[in-house]
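Here's a walk through one protein model, from strand pairing to core packing. Have the viewer open while you read.

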Amino acid sequence: SCMTRVHENARSRFDAALCLGNTLSMLPARESLFAAVRSMSEALNPGGALVAHLVNYAGIRAGGKRFGPPRLLGDGRIVLKVFELGAGSPGISVAVLSPPTRGRVGVEHAYHPLLEAGLGDLEEAFAASGLSACGVYGGSDSSPFNPLASPEIYAIASKP
């Protein structure tokens, strides 16, 4: 995957790497997450920062919520995300609803398996990659992280 070869594809080194949008959960296995973090670390300058974002699956389970917030796109379509975290393989279903045409709402649907990674996985991957954990937040607004209530995990690490 491209995510596990960031350092090979980079033409230079960077002061920051951002891995947002729950991208690490789209990887096929925990080993891939570790390889992606290691590769991003190798693409950083000394003192550089890595910001990794995950959906907080433990919080979703604890809160009994399965739905992400609906998102209205500029063209009037609505995106709905449903996390499938029951028994078996975790995944995400995404439905895109289009405004009615001739009395019918258009629906597009996609499913993707998820790697149900959490803060512990990120912290282990940071340490295995030689990064120092700097902070963790429960949202993009820098709110404190609450393992059972925060909808998201934003973990920040730096390269010595």
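Which residue in S8 is the bridge partner of Val-136? In this predicted model, that partner is Ala-155. The bridge belongs to the pairing of S7 with S8, which is antiparallel and runs over 5 bridges. S8 also pairs with S2: those two strands run antiparallel too, joined by 7 bridges. Within S8, Ser-158 is the residue that stands opposite Ala-49.

**The overall picture**

Zooming out, the protein has 4 helices and 8 strands. Read from the N terminus, the order of elements is α-β-α-β-α-β-β-β-β-α-β-β. The C-alpha trace spans about 60 × 35 × 30 Å along its principal axes. The chain has 160 residues, and 38% of them count as buried. Accessible surface adds up to about 9,000 Å², with carbon and sulfur atoms holding 57% of that. As for contacts, take those between residues at least 6 apart in sequence: 59% of them join residues at least 24 apart.

**The S3-S4-S5-S6 sheet**

Another set of strands makes an open sheet: 4 strands, ordered S3-S4-S5-S6, with antiparallel pairing. S3 (71-72) and S6 (104-113) sit at the edges with a single partner strand each, so one side of each has no neighbour in the sheet. S5 (residues 91-101) and S6 are paired through 9 bridges, again in the antiparallel sense. If you want a spot to click on, Val-94 stands opposite Ala-110 in S6.

Here are the strand pairs with bridge counts:

| Strand pair | Sense | Bridges |
|---|---|---|
| S2 and S8 | antiparallel | 7 bridges |
| S7 and S8 | antiparallel | 5 bridges |
| S5 and S6 | antiparallel | 9 bridges |

**Helix H4 and what it packs on**

H4 covers residues 119-128, and its buried residues are Leu-119, Asp-121, Leu-122, Ala-125 and Phe-126. These residues cover an arc of only 160° around the axis, which puts them on the same side of H4. On the other side, Ala-127 and Ala-128 are exposed. What do the buried residues of H4 pack against? They pack against helix H2 (30-42) and three strands: S2 (44-55), S7 (132-137) and S8 (152-158). Just after the helix comes Gly-130, with a positive phi of about 80°.

Leu-122 is a good residue to look at in H4. It is buried, with a relative accessible area of 0%. Leaving out residues up to four places away in sequence, Leu-122 touches Leu-24, Ala-52, Leu-54, Ile-153 and Ala-155. For a sense of scale, the C-alpha atoms of Leu-122 and Asp-141 are 20 Å apart, with their positions 19 residues apart along the chain.

**The nonpolar cores**

In soluble globular proteins, nonpolar side chains tend to be buried together. Here the largest nonpolar core has 25 residues, and the ones with the most contacts inside it are Leu-24, Leu-33, Leu-50, Leu-122 and Phe-126. The elements giving two or more residues to this core are S1 (14-19), H2, S2, H4 and S8. H2 supplies the largest share, 5 residues.

Leu-50 shows how this core is wired. Not counting residues up to four places away in sequence, its contacts are Ala-17, Val-37, Met-40, Leu-44, Phe-126, Leu-131, Ala-155, Ile-156 and Ala-157. Apart from this core lies another one of 7 residues, among them Val-55, Ile-60, Leu-85 and Leu-114.

**Asn-56 and the aromatic pair**

Is Asn-56 buried or exposed? It counts as buried, because its relative accessibility is 4%. Asn-56 is in the loop between S2 and helix H3 (57-63). Setting aside neighbours within four places in sequence, its contacts are Phe-145, Asn-146, Pro-147, Ser-150, Pro-151, Glu-152 and Ile-153.

The count of aromatic pairs comes to 1. Tyr-57 and Phe-83 make up this pair, edge-to-face, at 6.0 Å centre to centre and with 75° between the planes. Tyr-57 lies in H3 and Phe-83 in S4 (residues 78-84), so the pair ties together parts 26 residues apart in sequence. Both rings belong to buried residues, Tyr-57 and Phe-83.

How values were computed: Residues are numbered from 1 along each chain as its sequence is written. This is a predicted model: local features need pLDDT of at least 70, side-chain atom pairs count only at pLDDT 80 or more; totals for chains, interfaces and linings use all residues. Side-chain values use heavy atoms; hydrogens and water are left out. Buried means under 20% relative accessible area, exposed over 50%, partly exposed in between (1.4 Å probe, protein chains only). The arc is that of the directions from the helix axis to the C-beta atoms. Contact means heavy atoms within 4.5 Å. A nonpolar core is a set of buried Ala, Val, Leu, Ile, Met, Phe, Trp, Tyr and Cys residues joined through side-chain atoms within 4.5 Å. Rings of Phe, Tyr and Trp (its six-membered ring) pair if their centres lie within 6.5 Å; planes under 30 degrees apart count as stacked, over 60 as edge-to-face and the rest as tilted. Two strands pair if DSSP finds at least two bridges between them. Accessible areas come from the Shrake-Rupley method with a 1.4 Å probe; for residues, only the protein chains shown count as cover.
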